[in-house]
Amino acid sequence: MTKETNKLIEELSKNIESVKIFSPFKLFLIWGISLIAVALFMVFVVRREDLWLKLQSGSFFSEIMFAFATGLFGALAASWLATPDVKQQKWVIWLPFLSLTFLMMLVAYQVVIQPVNITESDFGIGCAVDIFIFIMIPAVILLFILRKAASTHNILSSVVAVISVASFGYLCSRLICPNDILEHLILWHYLPILLVAIIAAFIGAKVLKW
Amino acid sequence: MNKSPKTLDEKMIVAQSGDAKIYSEVLQEISILARKIISARVNKKDDIEDIIQEILISVHKSRHTYDGARPFKPWVRAIISFRLNDYFRKYYKTADKEYVDYDSVSEQLFEPSSQENVTFNGYDRELINKALANLPEKQRNIVKLMKIEGYTAKEVADQLGMSISAVKVSAHRSYKKLKDELEKLIA
């Protein structure tokens, strides 16, 4: 071993203090509880008028459930990925991608069975703004917390964190916006989510680099 | 009396609580493990030392993320491969820059400094020939064909039965080698 390496070891261990152990489970718990709390707030306070009726429809209910599951699984994967060894449970990474695939298949099915005419879409900039807020604020908080840990997969970590907040944004927008016309959903829900998610994932990958 | 930690896992748990002596031992053991892994993939001695130091700093920064309930080695190996990948990413980025530099080497060598093209940018033709003679045959042929006889990379590739990119890569290496040979001759 060289002198420099020995000197570095000496310096690093000189004034060492006890550290507070980072708990991915705790992070997931906090994130999950916040997700549930906000979802419940949306359901009981700012919900769309026809929410209870809509929930009786199988496809809408499944959509909400898959979005919720994707949000939770994304948070779980992001929390696990925050540790260098992914808590030695790498299979967790696949969960958000799995539920996201089901959600996407459900959305794609709706697109296929309904005729789409983008030109007749309602103007819905408000939905896009809501989505931006629903995604960006949680994304900043989550990335800030994840930065305190030490992910060795900064890009993947950022992607799953963004999947989590994006599906959370999607869930909220579906719970409050009464417009189910597919053209409106594509233009003012799906596209803004995709756009914001890409930007957030790109920033996240940079932020999580250490 | 406290039982002294024996395994690396136990030592790390004690180190997390602020024991400087044990922490120093942990870092020493990590540097030995890291050296073993890195030496198998990196040749340059200085680079190996730099990577080990990067790893030690990373372990120090992220020591709060080690969970004592799990084995220590996979945790530290994840950090080692993370920093090793970082090194390779930077290494190949720099290698790309060097690749571009070879072009300027070629320009420096073969830009004619007089209309008669008697010398090559200050290098005497005789000196160039001497330096060329020291090059391996394949490299010598490529330099002659491309820079003295003026064939394009495609034409050289056709003549020598090589791909265009292989000719270009070989040409870049040859120019660099030629420059080194010239410098040796001048010295």
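These are my notebook entries on what I looked up in this structure, which is a predicted model.

**Overall look at chain A**

I started with the secondary structure of chain A and got eight helices and zero strands. Read from the N terminus, the elements go α-α-α-α-α-α-α-α. I then checked the extent: the C-alpha trace of chain A covers about 75 × 30 × 30 Å along its principal axes. Of the 210 residues in chain A, 49% are buried. For contact order, I took contacts between residues at least 6 apart in sequence, and 83% of them join residues at least 24 apart. The exposed area of chain A comes to about 10900 Å², with 72% of it from carbon and sulfur atoms.

**Nonpolar surface patch**

Next I wanted to know which residues make up the nonpolar patch on the surface of chain A. I found A:I36, A:L40, A:F41, A:F44, A:V45, A:V46 and A:W52, with about 670 Å² of accessible area together. Which helix gives the most to this patch? That is helix α2 (residues 24-44) of chain A, with four residues. A:F44 sits in helix α2, and I noted its relative accessibility as 54%. The cut-off for exposed is over 50%, so A:F44 counts as exposed. A:W52, at 39%, is partly exposed.

**Aromatic pairs**

I searched the whole structure for ring pairs and got 11 over all chains. One that I looked up is A:F44 with A:W52: the ring centres are 6.0 Å apart and the planes are at 50°, so this pair is tilted. In chain B I pulled up B:Y91 and B:Y92, an edge-to-face pair with 5.3 Å centre to centre and 85° between the planes. B:Y91 is partly exposed, with a relative accessible area of 34%. I also followed the ring pairs further and found that they link B:Y87, B:F88, B:Y91 and B:Y92 into a cluster.

**A buried glutamate**

Last stop was A:E63, in helix α4 (residues 58-81) of chain A. Is A:E63 buried or exposed? Its relative accessibility is 1%, so I put A:E63 down as buried. What does the side chain of A:E63 make a polar contact with? I found the side chain of A:R174, at 2.7 Å. Setting aside neighbours within four places in sequence, I listed the contacts of A:E63 as A:L103, A:L106, A:Q110, A:Y170, A:R174 and A:Y190.

Terms used: Residues are numbered from 1 along each chain as its sequence is written. Chains are lettered from A and ligands numbered from 1 in the order in which they are written. This is a predicted model: local features need pLDDT of at least 70, side-chain atom pairs count only at pLDDT 80 or more; totals for chains, interfaces and linings use all residues. Side-chain values use heavy atoms; hydrogens and water are left out. Patches are made of residues with over 30% relative accessible area and no salt bridge: like charges are joined within 9 Å, nonpolar side chains (Val, Leu, Ile, Met, Phe, Trp, Tyr) within 5 Å. Accessible areas come from the Shrake-Rupley method with a 1.4 Å probe; for residues, only the protein chains shown count as cover. A salt bridge is a side-chain nitrogen of Lys or Arg within 4 Å of a carboxyl oxygen of Asp or Glu. Helices (H or I, at least four residues) and strands (E, at least two) are DSSP runs, numbered from the N terminus. Buried means under 20% relative accessible area, exposed over 50%, partly exposed in between (1.4 Å probe, protein chains only). A polar contact is a pair of N or O atoms within 3.5 Å; within protein, one must be able to donate a hydrogen and the other to accept it, and residues adjacent in sequence count only if both atoms are side-chain atoms. Contact means heavy atoms within 4.5 Å. Rings of Phe, Tyr and Trp (its six-membered ring) pair if their centres lie within 6.5 Å; planes under 30 degrees apart count as stacked, over 60 as edge-to-face and the rest as tilted.
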